[in-house]
Amino acid sequence: VTVSVLYWGRSSSATARHPELPVPPSLLTQHEDTVFPASMMKHGRLGRAAAAAFASARGSYAGFGATQYRACGSPSGLHAPATATPCSIETTTLYHPNGVNGTNGSAAASSVETLALLRAEVDMLRDELQRRDVLIATLRERVHALEAAEPRKPAAAEDEQVSPAASSPPAFPEGATVVATTSEFENAVARHCPIIALAAGSHVRSAGVSVSDGDHVTIVGPRSCSFADRPVLEGHLAVKGAHSKLVLADVEVRAPSRADPCVAVASAGHAELSNVTLCNGRDGVYLSGKGTAALADCLVAGNTRGLMEMQRCRATFANCTFDGNLFHCVLLASPQTVMAPKTARVHEDAAANGNTFSGGRCDVALSYNPMEDRCGETYRGAKPIALTEEESTANLIDESW
């Protein structure tokens, strides 16, 4: 709707200098006959003349005396106080709610039509607000009804609930010394810390850990740690002497070179491994001199020999996976009973107890010639297999002999 309105101001020169005047939000809520809905403003602005004509009777606005102007709903359109001086008649464009511009008309008729459109717009907005209020009230009633229908736990049951953090077991044993770097690990070993915990994702390169003289050393990673975040201990671990004991759990042990075992147990020492990965060594576990070891849920992979059990030693293993070793298990110790056949070790330790084998030249070898580094009496599963001379040796020199 294009409306021509009579513009009053302090001087005609002042009116010509002012651009479109923004209408403050406070003016859009306090006077019913001066409301300009947002849908009828272009980016929240009105023409110069319309803004001045519909200004509130409070304070000054953009350099004009707002007390000199008031919009009236009489058929004559706009009335100015006696103190105002007519300056000019200007034309401004108001935007209809449908977004269509009108055409120019007379000042009086256009003013009446504009006020009628404004009142109609106000009524429509009020109706819309009332409709939304009713909708909000209805939604609130539905929410209250759903909350009332939902069964609630007794107060005693809520008090008994324990947070997941409190119910989950701790990541490390009590009293553990937690380390994340090589220097911290070496310092803990030098101080003879009985329990050393490797932080998740850490990679420690150690010069070697030796457990002897009846000492007990435990090296662990975080419980329930993902395989990708399992801490890595790169170095040779050795257990020597009666009553000496090494416990490993939830870590990956990498031999420093292909010439070294990951874990070596000798002289009646003992090692216990649980959920441990042994890789990259001459042997995953090497037993000699009445050494013993117990493996559970371990992965022995990528070694020349996964498990090397010399005579008068004893290794037990359950639920272990042997993968990609050249020879998975070389078991030279006698069976537990004198009358049991030597092949009982194949069924007792290898095929039973949930152990699995993949790759490699054989699962189990029951004889070994250290001078020639040659394995014999080889089995895959529970069936004997014959290896050629080339297949039966890894060309290793076993210095322990």
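Here are some questions and answers about this predicted model.

User: Happy to start broad: how many helices and strands does the protein chain have?
Analyst: Glad to begin there. The protein chain has 401 residues, and 39% of them count as buried. Among its contacts with a separation of 6 or more, 54% join residues 24 or more positions apart. The secondary structure comes to seven helices and 27 strands.

User: What is the order of the strands in the open sheet of seven?
Analyst: The pairing in this open sheet is parallel. From one strand to the next, the twist averages 15°. The strand order is 7-10-13-16-19-22-24.

User: Why do strand 7 and strand 24 each have one side without a neighbour in that sheet?
Analyst: Look at the two ends of the order, 7-10-13-16-19-22-24. Strand 7 covers 203–205 and strand 24 covers 356–358. Each has a single partner strand, so one side is left without a neighbour, and both stand at the edges.

User: Which residue of strand 10 stands opposite R205?
Analyst: Strand 7 pairs with strand 10 (residues 232–234) in the parallel sense, over three bridges. Helix 6 (residues 182–190) packs on the sheet here, touching both strand 7 and strand 10, with its direction at about 60° to that of strand 7. The residue opposite R205 is E234.

User: And the sheet of nine strands: which are its edge strands?
Analyst: This sheet is open too, and its pairing is mixed. Its order is 8-11-14-17-20-23-25-26-27, and the twist averages 20° from one strand to the next. Pairing on one side only marks the edges, which are strand 8 (209–211) and strand 27 (383–385).

User: Which residue of strand 17 stands opposite V263?
Analyst: Strand 14 (residues 263–266) and strand 17 (residues 283–287) run parallel, and three bridges join them. V263 is also one of the residues that touch the most other members of the largest nonpolar core. Its opposite number in strand 17 is V285.

User: Nice, so which strand gives the most to the largest nonpolar core?
Analyst: That core holds 55 residues, with V263, L278 and L295 touching the most other members. As background, nonpolar side chains tend to be buried together in soluble globular proteins. With five residues, the strand that gives the most is strand 25 (residues 362–369).

User: Which residues does L295 touch, not counting residues up to four places away in sequence?
Analyst: L295 is one of the three core residues that touch the most other members. One residue on its list, V285, stands opposite V263. The full list for L295 is L273, L278, V285, V300, T316, F317, A318 and C320.

User: Is the aromatic pair of F317 and F322 edge-to-face or stacked?
Analyst: F317 is buried, with a relative accessible area of 2%, and F322 counts as buried at 1%. Their ring centres are 5.6 Å apart, and the planes make an angle of 75°. Since planes over 60 degrees apart count as edge-to-face, the pair is edge-to-face.

User: What kind of pair do F322 and F357 form?
Analyst: F322 lies in strand 22 (residues 321–323) and F357 in strand 24, so the pair ties together parts that are 35 residues apart in sequence. F357 is partly exposed, with a relative accessible area of 22%. The ring centres are 5.1 Å apart and the planes lie at 10°, so the pair is stacked.

User: Which residues do the ring pairs link into a cluster?
Analyst: The count comes to two aromatic pairs. F317 pairs with F322, and F322 pairs with F357. The linked residues are therefore F317, F322 and F357.

User: How far is the C-alpha atom of I195 from that of V217?
Analyst: I195 lies in strand 6 (residues 195–198), and it touches P173, E174, A176, T177 and T218, not counting residues up to four places away in sequence. I195 and V217 are 22 residues apart along the chain. Their C-alpha atoms are separated by 6.1 Å.

User: Last one: which residue of strand 12 stands opposite V217?
Analyst: Five bridges join strand 9 (residues 216–220) to strand 12 (residues 245–249), and the two run parallel. Strand 12 also runs parallel to strand 15 (residues 270–274), joined by five bridges, with V247 opposite E272. The residue opposite V217 is L246.

Key: Residues numbered from 1 in each chain as written. Predicted model: local features only at pLDDT ≥ 70, side-chain atom pairs only at ≥ 80, totals over all residues. Heavy atoms only, no water. Pairing = 2+ DSSP bridges. Helix = DSSP H or I, 4+ residues; strand = E, 2+ residues; numbered from the N terminus. Axes fitted to C-alpha atoms, helices over the stretch in contact; angles between N-to-C directions. Contact = heavy atoms within 4.5 Å. Core = buried A, V, L, I, M, F, W, Y, C linked by side-chain atoms within 4.5 Å. Buried < 20%, exposed > 50% of the residue type's maximum accessible area, 1.4 Å probe, protein only. Phe/Tyr/Trp six-rings, centres within 6.5 Å; stacked < 30°, edge-to-face > 60°.
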